[in-house]
Amino acid sequence: MKRHSSELKLLAPMALIVIVAVCALVGSLWVWAEQADSMSRTREERLVRLGLNQMADDHSMLMTPITIWDKAVESTAVKYDQDWVKGNIGEYFQNFVNFEANMLLDGNGNIVFAYKDGKTVDPALFADLKRQSQSLVNDLRDRQNALRATGQFYSAATNHEGRLIAVDGKIYIVGASMLLSDKKNSPLSAYKPYVAIGTHRLSGDELIALSQRYMVSNITLLKPGQTRADGSASVAFRDEATGKVAAELTWMPDTPGHTLFIRTLGPVLMISLGLGLIAIVLLHQSQRAAQGLIASEAKAKHMALHDSLTGLPNRTLFADRLNQATERLKRHGGQVAVMCIGLDRFKDVNDTLGHMAGDELIRHNAAKIAAMIRSSDTLARLGGDEFVIIQTDTDGSSAGSLAKRILEGLTGTVNLDSGQVFSSCSIGVTILHDGDIDPAEALRQADLALYRAKDMGRGQYAFFEIEMDATIKLRKTLETGLREAVHNGDIDVVYQPQVDHYGVIVGVEALCRWTHPSRGPVSPAYFIPLAEECGLMQELGTLVMRRAMMDAHRWPGLKVAVNVSASQIRCAAFVSHMKEMLIETRTTASQIEIEITEGVLLNDDSTTQMILHDLRHMGFSIALDDFGTGYSSLGYLSRYPVDKIKIDRSFVSNLGVDPEAEAVIRAIVKLAKALNLNIVAEGVETRAQKNLLRQAGCNIIQGYLFSKPVAGTVIDTMWDNDRKLVPNEPDNDIYAKSAKVVKLSPRMP
Ligand code: C2E
Ligand code: CA
Ligand code: CA
């Protein structure tokens, strides 16, 4: 709509310019046509006038054979001869010069002879003609006198004068010639010469002939009182005395200008219109191009400041907005909350369903959060699964309730194109009370609070507190160290024997160990969840599995149990990866036992079931770790292909303390036997525990009583010593070297 009106704004003046230009062009053509027609009319009028004068000249010229000879003088000025005058001035002029009315003036200008239509008439009838031709006669005489004064002799060419005059609305050709001797220096020249005057009334035929000769359209004589047509050409004849128009010839002149105007008007209009249209189209296109440029510039600007996946402000724009918010804080006070939102186990979605699904989940959650904030707040995506909100005009409680709303809104099952996922998030909040805080520091605080929220078990929000700094810093240090260790393969694997009632080793459990370069050994109970969180678990798991498979070679017939986490199992390539490793290490699958926790089975989906069946089919055996701590559903045991259950250490350590522990163990053993499953108890530290377990029906045990987890080389020694171990109370453990392990809680360092 906006673009439409701006286009109209430009098109309207453009159209006006085109219209004005076309009008100006047509107007100019019209003026030019008028001028051309006027020139043509003037030329035609000049031609007709010239033609008429020529006619008059021709007529008067024909008088000279009669007027120039001695006889003419002798018959008039010397001795007036009536017969001669009648025969020549009368009849000859009428018959040969075509003058219907003639007269003769004596030396004084008096009419001495008048002749009309073959008869001598009363000279008084010619008074008007005489008056009208007075100037003609005067001109003739003046020229004659001038010639004589310069001593020249007149000739036929000089002794006549023709003219057109109008009398009573009619036009006449009037010719005049003096009657003179044909000899130079003749005595007859002493006489004052007579003047012969002849008239011929212009006929319609002559007008037609005139029209044809000069190629003008029909020349007509205007009737008295008639007005001539618009645009007509005319030759007017004025009364000598009064100066008024006495007669007028008229005709329609050629109009080459208008003819051309009419002929060219169409093409000119078409061409102008075409050019105008082309100009408008070009203008439109250039405007579109300009608009396109503006749009792409705006798009580039938008892209520079926004995240391409969600369209949300990016880190740059976020920093800018945070700056603005802290500036406002400085001036007006109040509180601003900065909230970091991280999606829980987002990496699992990426790893198991692919990046497209990850992107889809990000977009889905971005839209959800955006719908929950005020328009004055800013939601930005800083990358990966990390969102951040700047909430202005707030306080601790309203920031907390927003965080709660977001937690609730983002927790639940999400239907993605590639499948269903359970999504939740953790939120870290920091409240800014004054504008003196650096935006980067604000973001860091919110980020630390997010770490705390994740450590609290995810799906939670936490406010930043000053003391978080140290613990989170430590966690970050360990994260960096673990990443390096996993990449460099600086992870050790130790083995804890599983023995039978006689202390004979029947299997070992592989357990990984990591020693931080400066902080010393770190408990796997801490670094395994850390590896999960920072996406290192696949790599770390592969490392342990490969090492276990290789070491298993040295202990043929001994089961080597390897812990495999839920995220590893769910990775699409896990089964094929296991196959590759078997081939690579030349290990038989039957020697490896995969230890999974109930968490793996928790999703209860057919994919996990299929993977476990595949592994089983390949020859691996499967043990259910930490049995009894989770849901311990009988359903799992019957549905999933499990070979062994491991009674959790918590029950074992409560043996003899809590009577219920023994009952639980008895129930588990019964269940295992009913389902024909092997059973092992872990965390056995005392002989008493061992004996109670045996009474309950559990003969295979794992624990410090026989051995702490030890290096593979120690297992080699045990192997060489008939594989038989003797029970040790923890304080006289002969194999495990006491190692100082960094004390860290499972979640928080
Ligand atoms: P877990 O799978 O239940 O492993 C048994 C843990 O109990 C081991 O702790 C072991 O050292 C300890 N333990 C064994 N006997 C006794 C005992 O008599 N008394 C006491 N107090 N503890 C005993 P560790 O090695 O610290 O491992 C802790 C957990 O870390 C493991 O629990 C396991 O869940 C995980 N973990 C260790 N290595 C790996 C691994 O390679 N992959 C995976 N996914 N998880 C691992
Ligand atoms: Ca285990
Ligand atoms: Ca366990």
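Is glutamate 595 buried or exposed? In this predicted model, glutamate 595 has a relative accessibility of 1% and therefore counts as buried, since that value is under 20%. This residue offers a convenient entry to the structure, for it belongs to a metal site.

The calcium ion (ligand 2) has as its protein donors Glu509 (OE), Asn563 (OD1), Glu595 (OE) and Asp625 (OD), at 2.1 to 2.3 Å from the ion. Along the sequence, these donor residues follow the spacing E-x53-N-x31-E-x29-D. Asparagine 563 belongs to strand S20 (residues 559–563) and glutamate 595 to strand S21 (residues 592–596), so this pair ties together parts that are 32 residues apart in sequence. Whereas glutamate 595 is buried, asparagine 563 counts as partly exposed because its relative accessibility is 30%.

A second ion accompanies this site. The calcium ion (ligand 3) lies 3.9 Å from the calcium ion (ligand 2), and aspartate 625 coordinates both. The protein donors of the calcium ion (ligand 3) are Asp625 (OD), Asp626 (OD) and Glu682 (OE), the last of these being listed twice, at 2.1 to 2.8 Å. Their spacing along the chain is D-D-x55-E. Here too distant parts of the chain are linked: aspartate 626 is found in strand S22 (residues 621–627) and glutamate 682 in strand S24 (residues 678–682), 56 residues apart. Aspartate 626 is partly exposed at 27% relative accessibility, while glutamate 682 is buried, with a relative accessible area of 11%.

From the metal sites the reader may turn to the charged side chains. Side chains of opposite charge can pair when their charged atoms come close. The model contains 24 salt bridges. One of them joins lysine 476 and aspartate 447, with N and O 3.8 Å apart. Lysine 476 is part of helix H14 (residues 468–488) and aspartate 447 part of helix H13 (residues 439–455), so the bridge ties together parts that are 29 residues apart in sequence. Lysine 476 is partly exposed, its relative accessible area being 32%, and aspartate 447 is buried at 19%.

Another salt bridge stays inside one helix. Arginine 483 and glutamate 479 pair at 3.6 Å, N to O; both residues lie in helix H14, four residues apart, which is about one turn of the helix. An α-helix has 3.6 residues a turn, so residues three or four places apart point the same way. Arginine 483 counts as partly exposed at 31% relative accessibility, and glutamate 479 as buried at 16%.

A further bridge connects aspartate 716 with arginine 554, whose closest N and O atoms are 2.9 Å apart. Aspartate 716 sits in helix H25 (residues 712–720) and arginine 554 in the loop between helix H16 (537–552) and S20, so the pair ties together parts that are 162 residues apart in sequence. Aspartate 716 is buried at 19% relative accessibility, and arginine 554 is partly exposed at 36%. Elsewhere, salt bridges with shared partners join Asp455, Arg458, Arg475 and Glu533 into one network.

Helix H12 (residues 396–410) completes the tour. Its 15 residues reach 21 Å from the first C-alpha to the last, close to the 21 Å expected at 1.5 Å a residue. Among the buried residues of H12 are Ala399, Leu402, Ala403, Ile406 and Leu410. After H12 comes glycine 412, which has a positive phi, near 150 degrees.

Notes. Residues numbered from 1 in each chain as written. Chains lettered and ligands numbered in written order. Predicted model: local features only at pLDDT ≥ 70, side-chain atom pairs only at ≥ 80, totals over all residues. Heavy atoms only, no water. Donors = N, O, S within 2.8 Å, 3.2 Å for Na, K, Ca; no water. Helix = DSSP H or I, 4+ residues; strand = E, 2+ residues; numbered from the N terminus. Buried < 20%, exposed > 50% of the residue type's maximum accessible area, 1.4 Å probe, protein only. Salt bridge = Lys/Arg side-chain N within 4 Å of Asp/Glu carboxyl O. Expected span 1.5 Å × (residues − 1).
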